[in-house]
Amino acid sequence: MDTLDAFILDVNDVFWTYLLIPLVAVAGLWFTFRSKAVQLRLVPEMFRVFRDRPANGGVSPFGAFTISAAARIGTGNIAGVATAITLGGAGAVFWMWVMAIVGGASAFVESTLAQLYKSRGKEPGTFRGGPAYYMQRALGMRWLGVLFAVLITLTFGFVLTAVQSNTITVAAGGSFGDTGTTFKWVLGGALAVMLALAVFYGVKRIARVTQVLIPTMVGLYLLLGTVVVLLNISSVPGMLADIVAGAFGFREVAGGAVGTAILQGVRRGMFSNEAGMGSGPNAAAAAETSHPVKQGLVQTLGVYVDTLIVCTMTALIILSANPALGERGGADVTQTAFSEALGGWAGHALTLVVFMVAFSSMIGNYYYGESNIEFITERRSVMHSYRAVVIGCVLLGALGKVSIVWNLADITMGAMVLVNLLAILPLSVIAFKLLDDYTAQRRQGLDPVFTRDRVPGLKNVECWEPASADEKAPAGAARESARA
């Protein structure tokens, strides 16, 4: 097992250091330059868009924001930040911030494209879409869409489901003082059964419950975190200084050299906020809005909330407890910090938060995979096999070593990022044309409305019909025309 872990780690280091980090940086900086820093100059506009209401009772821009936020704000903010700090030192947090700001432009481009090339759902006012759709419709490469669909299924359906299970097991073990094999088998089996019940029998009911509980749990986490930060408010300036100093190697700490800080900051930052990964566009496409750019702006704001607010709070909580550096830590590190600041009850409260957000993410991860499998094939046997493997991953995640599970997530997540960024780099010119149309309408004092005839040359756009198209042909005819 140790040999496998070492091999995966070596592959990861080469993959991320020499390919992904340069690509992520170049893509983010290019998108920032071409959009004139849209992720910074239109921040006020991001909040204004929240007031939009869907015309046909569909998902609002804010509703799609909460869907993606529920997926983002989870174990990445609790366990992922702890991993970044213990392996990369305090400086890793600085590079998570950089990743959020630069990656905000990537999030804008991918989510705007997802809105433009979305497809109508079965019910009025509902939509579906994502990278697989714009790869097929905009690039004319169905094979690339299928490849991405496979990668997101592997990453979210299988590997990240195992990560969530592993995080729950680590947190529960810290709470109950038991990390033995029997405990892991029992807890992993219970989680597998619960997810099986959700997937096969009661997912809609459970999803409705989690939609209420998850915001509550996240609110509880932010409340407890605020208390911890206030109790250590005098140490906050010093912690912020350590973050900046550690980012550039001004202070040497175990595992905290500048290269490791950058590597861990970018990896964990991307796992947390998902900017450029291609997962957020699946939620962005679900929104009913008057202009694709609106949802691009909303999703960019989601990246900031996730990293600059929630992850920063987690970092301050962890650093206040002076964590041991040089060895990978997860949710147990954050748990220990809570317990030291507020008492043992806070560690148990965090276990409950971790369980709720991680289990909800398991359901969300399953549906990311399911929707992308449906893009590939509608054969029921394939779907049944997928469900069985997902449930097996829950058990394996509970039993696996923390390092192996996270390193596997880095590989599959990195492959997703690679395919998605290579697709949106040539397609970004379309997103920037939409941005120009949006800003032109705003300069006229209008609430921007988009129809596909406003940008000449667009092909295979199923929605966004001009008014005349609605009058001349039924929606079904327009849909079939677009598919042809």
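The legends below describe an overall view and close-ups of a predicted model.

Local features need pLDDT of at least 70 and side-chain atom pairs count only at pLDDT 80 or more, while totals for chains, interfaces and linings use all residues. Residues are numbered from 1 along each chain as its sequence is written, and side-chain values use heavy atoms, with hydrogens and water left out.

**Figure 1. Overview of the chain, with 19 helices and two strands.** Helices (H or I, at least four residues) and strands (E, at least two) are DSSP runs, numbered from the N terminus. Of the 484 residues, 57% count as buried; buried means under 20% relative accessible area, exposed over 50%, and partly exposed in between (1.4 Å probe, protein chains only). About 19,500 Å² of the chain is exposed, and 65% of this comes from carbon and sulfur atoms. These areas come from the Shrake-Rupley method with a 1.4 Å probe.

**Figure 2. Packing of helix α6 (residues 91-116) against helix α10 (residues 236-247).** The axes lie 6 Å apart at an angle of about 80°. The two helices are therefore roughly perpendicular, a label used for angles of 65 to 115 degrees. Axes are lines fitted to C-alpha atoms, for helices over the stretch in contact, and angles run from 0 to 180 degrees between N-to-C directions. From α6, Gly91, Val93, Phe94, Trp95 and Trp97 meet Leu240, Asp242, Ile243, Val244, Gly246 and Ala247 of α10. Contact means heavy atoms within 4.5 Å. Eight of the contact residues are nonpolar, two polar and one charged. Here Ala, Val, Leu, Ile, Met, Phe, Trp, Tyr, Cys and Pro count as nonpolar, Asp, Glu, Lys and Arg as charged, and the others, Gly among them, as polar.

**Figure 3. Helix α10 and its buried residues.** The twelve residues of α10 span 17 Å from first C-alpha to last, close to the 16 Å expected at 1.5 Å a residue. The expected span is 1.5 Å times one less than the number of residues. Val236, Met239, Ile243, Ala245, Gly246 and Ala247 are buried in this helix.

**Figure 4. Surroundings of Thr351 in helix α15.** Thr351 is buried, with a relative accessible area of 14%. Not counting residues up to four places away in sequence, Thr351 touches Ala171, Ala172, Ser175 and Gln335. Phe176 is 175 residues from Thr351 in sequence, and their C-alpha atoms are 9.8 Å apart.

**Figure 5. Surroundings of Glu370 in helix α15 (residues 344-376).** Glu370 has a relative accessible area of 13% and is therefore buried. Leaving aside neighbours within four places in sequence, Glu370 is in contact with Met383, Tyr386 and Arg387.

Definitions and conventions
Angles under 35 degrees count as roughly parallel, over 145 as roughly antiparallel, 65 to 115 as roughly perpendicular and the rest as oblique.
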